[in-house]
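Student: Please give me a close reading of a single part of this structure. I should like one connected account that begins with the neighbouring elements and then turns to the part itself.

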Amino acid sequence: MTGDDLRVVVETAHDGVVLIRVRGNLDAWSSSKELVGALTGAARGGGRRTVVDLSGVEFADSAGLHALLHGRRKHGDAGMPLVLAGPMTATLHRLFEVTGTLDAFEIADSVDSAFTW
């Protein structure tokens, strides 16, 4: 996988938690539509919670942020928690800060801690 690639893997974890692992660059170039599809599917799947592992995201832009906000809305409509998990790169964390969306998400320090959210 090169830095320009985006890889989204959906796993069904224990206790009805859906884990979505995201790796690479989450931007318009890599087509964040794959993440939108995964998040929409998870919200419709009737699980207990969705955890998005962002620890492998090297870069994200407004398209990536839009995908996450779309997923948050779909999960809210379904009454299902969406938790973003890190550790996140400083660049990704800065994107949330600069756009004022840091408080729009439930954010856990790690995937393990997101499972107990």
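**A helix and its surroundings**

Tutor: Four residues separate strands S1 and S2 in their hairpin, and Asp 15 adopts a positive phi near 60° there. This is a predicted model, in which local features need pLDDT of at least 70 and side-chain atom pairs count only at pLDDT 80 or more, while totals for chains, interfaces and linings use all residues. Residues are numbered from 1 along each chain as its sequence is written, and side-chain values use heavy atoms, with hydrogens and water left out. Helices (H or I, at least four residues) and strands (E, at least two) are DSSP runs, numbered from the N terminus.

The confidence of the model comes next. pLDDT is the predictor's confidence in each residue, from 0 to 100. The protein chain has a mean pLDDT of 91, with 94% of its residues at 70 or more. Confidence is lowest in S1, with a mean of 91, and highest in S4, at 98.

To return to the hairpin, S1 and S2 run antiparallel and are joined by seven bridges; two strands pair if DSSP finds at least two bridges between them. Val 8 has Val 22 in S2 as its bridge partner. Val 10 belongs to strand S1, residues 6-12. Its relative accessibility is 48%, so Val 10 counts as partly exposed, where buried means under 20% relative accessible area, exposed over 50%, and partly exposed in between (1.4 Å probe, protein chains only). Beyond its neighbours within four places in sequence, Val 10 is in contact (heavy atoms within 4.5 Å) with Val 18, Leu 19, Ile 20 and Ala 38.

Strand S2 also contains Arg 23, which counts as buried because its relative accessibility is 19%. The side chains of Arg 23 and Asp 53 form a polar contact at 2.9 Å. A polar contact is a pair of N or O atoms within 3.5 Å; within protein, one must be able to donate a hydrogen and the other to accept it, and residues adjacent in sequence count only if both atoms are side-chain atoms. S2 pairs with S3 in the parallel sense over nine bridges, and Leu 26 stands opposite Ala 60 in S3.

Helix H1 is one of the elements against which the central helix of this account packs. The end C-alpha atoms of H1 are 16 Å apart, which agrees with the 16 Å that its twelve residues should span at 1.5 Å a residue; the expected span is 1.5 Å times one less than the number of residues. Its buried residues are Leu 35, Ala 38, Leu 39, Thr 40, Ala 42 and Ala 43, and these pack against S1, S2, S3, H2 and S4. Thr 40, with a relative accessibility of 11%, therefore counts as buried. Apart from neighbours within four places in sequence, Thr 40 is in contact with His 70 and Lys 74. Just after H1, Gly 46 has a positive phi of about 75°.

The helix at the centre of this reading is H2. Helix H2 comprises 17 residues, 62-78, and reaches 24 Å from its first C-alpha to its last, close to the 24 Å expected at 1.5 Å a residue. At its N-terminal end, Asp 61 acts as a cap, with a side-chain oxygen 2.9 Å from the backbone nitrogen of Ala 63. Just after the helix, Gly 79 takes a positive phi of about 70°. The buried residues of H2 are Ala 63, Gly 64, Leu 65, Ala 67, Leu 68, His 70, Gly 71 and His 75. Their packing partners are strand S2 (17-26), helix H1 (33-44), strand S3 (49-60), strand S4 (82-85) and helix H3 (90-99).

H2 also belongs to a supersecondary unit. S3, H2 and S4 form a right-handed β-α-β unit; a crossover is right-handed if, with the strands pointing away from the viewer, the path from the first strand over the helix to the second runs clockwise. S3 is mostly covered, with nine of its twelve residues buried. The pairing of S3 with S4 is parallel and extends over four bridges, and Val 52 stands opposite Leu 84 in S4.

One residue beyond H3 offers a further reference point. Asp 103 lies in the loop between H3 and strand S5 (106-108), and counts as exposed because its relative accessibility is 76%. Asp 103 and Leu 6 are 97 residues apart in sequence and 25 Å apart in space, C-alpha to C-alpha.
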